[in-house]
Amino acid sequence: QVQLVESGGGLVQAGGSLRLSCAASGLTFSNYNMGWFRQAPGKERDIVARISSLARRTYYTDSVKGRFTISRDNAKNTTYLQMNSLKPEDTAVYYCAADRSYYSASYDYWGQGTQVTVSS
């Protein structure tokens, strides 16, 4: 059974930093591309960043470029999202997801999400 478990969310002041982690089990992690998504109240879930299976490619949505960094450690079956210079508009539930395709429009596996709240 595949499980993705996010951690690291919380409440932070604007300008602060958080590091999200996503621990994967039940799959060959190095075969999967990983994505971080977020969903704010009343809004659709949108991609924040993704990283290819061997970390050779990354993508960031424009609003987080230069502030967020996605990474992975295939030896630990874990992907990370380092979030710096956080803004109130970054407040959302953050989800990690896994898929065999880097350009997937619908990821195969999803975590339960972790809440990130940025106060002004």
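This report covers a four-stranded sheet, a disulfide and the salt bridges of a predicted model.

**Sheet**

An open sheet is built from four strands in the order 1-3-8-7, with antiparallel pairing. Strand 1 (3-7) and strand 7 (68-73) each have a single partner strand and stand at the edges, so one side of each is left without a neighbour in the sheet. On average, neighbouring strands of this sheet are turned by 15° against each other, direction ignored. Five bridges join strand 1 to strand 3 (residues 18-25) in the antiparallel sense. In this pairing, Ser-7 stands opposite Ser-21 in strand 3.

**Disulfide**

Strand 3 also carries one half of a disulfide. A search of the whole structure finds one such link, formed by Cys-22 and Cys-96 with their sulfur atoms 2.0 Å apart. The link of Cys-22 and Cys-96 is right-handed, with 55° about the S-S bond. Cys-22 belongs to strand 3 and Cys-96 to strand 9 (residues 92-99), so the pair ties together parts that are 74 residues apart in sequence. Cys-22 is buried, at a relative accessible area of 0%. Cys-96 also counts as buried, at 0% relative accessibility.

**Salt bridges**

Three salt bridges are present in the structure. The table gives the N to O distance for each pair.

| Basic residue | Acidic residue | N to O distance |
|---|---|---|
| Arg-38 | Asp-90 | 2.9 Å |
| Lys-65 | Asp-62 | 3.0 Å |
| Arg-67 | Asp-90 | 2.7 Å |

The side chains of Arg-38 and Asp-90 meet in a salt bridge. This pair links distant parts of the chain: Arg-38 is in strand 4 (residues 33-39) and Asp-90 in the loop between strand 8 (78-83) and strand 9, 52 residues apart. Arg-38 counts as buried because its relative accessibility is 15%, and the cut-off for buried is under 20%. Asp-90 is buried too, with a relative accessible area of 1%.

The side chain of Asp-90 also meets that of Arg-67 in a salt bridge. Arg-67 lies in the loop between strand 6 (58-60) and strand 7, and Asp-90 in the loop between strand 8 and strand 9, so the pair ties together parts that are 23 residues apart in sequence. Both Arg-67 and Asp-90 are buried. Through shared partners, salt bridges join Arg-38, Arg-67 and Asp-90 into one network.

The remaining salt bridge is that of Lys-65 and Asp-62. Here Asp-62 counts as exposed, at 61% relative accessibility.

Definitions and conventions:
Residues numbered from 1 in each chain as written. Predicted model: local features only at pLDDT ≥ 70, side-chain atom pairs only at ≥ 80, totals over all residues. Heavy atoms only, no water. Pairing = 2+ DSSP bridges. Helix = DSSP H or I, 4+ residues; strand = E, 2+ residues; numbered from the N terminus. Axes fitted to C-alpha atoms, helices over the stretch in contact; angles between N-to-C directions. Disulfide = S-S within 2.5 Å. Buried < 20%, exposed > 50% of the residue type's maximum accessible area, 1.4 Å probe, protein only.
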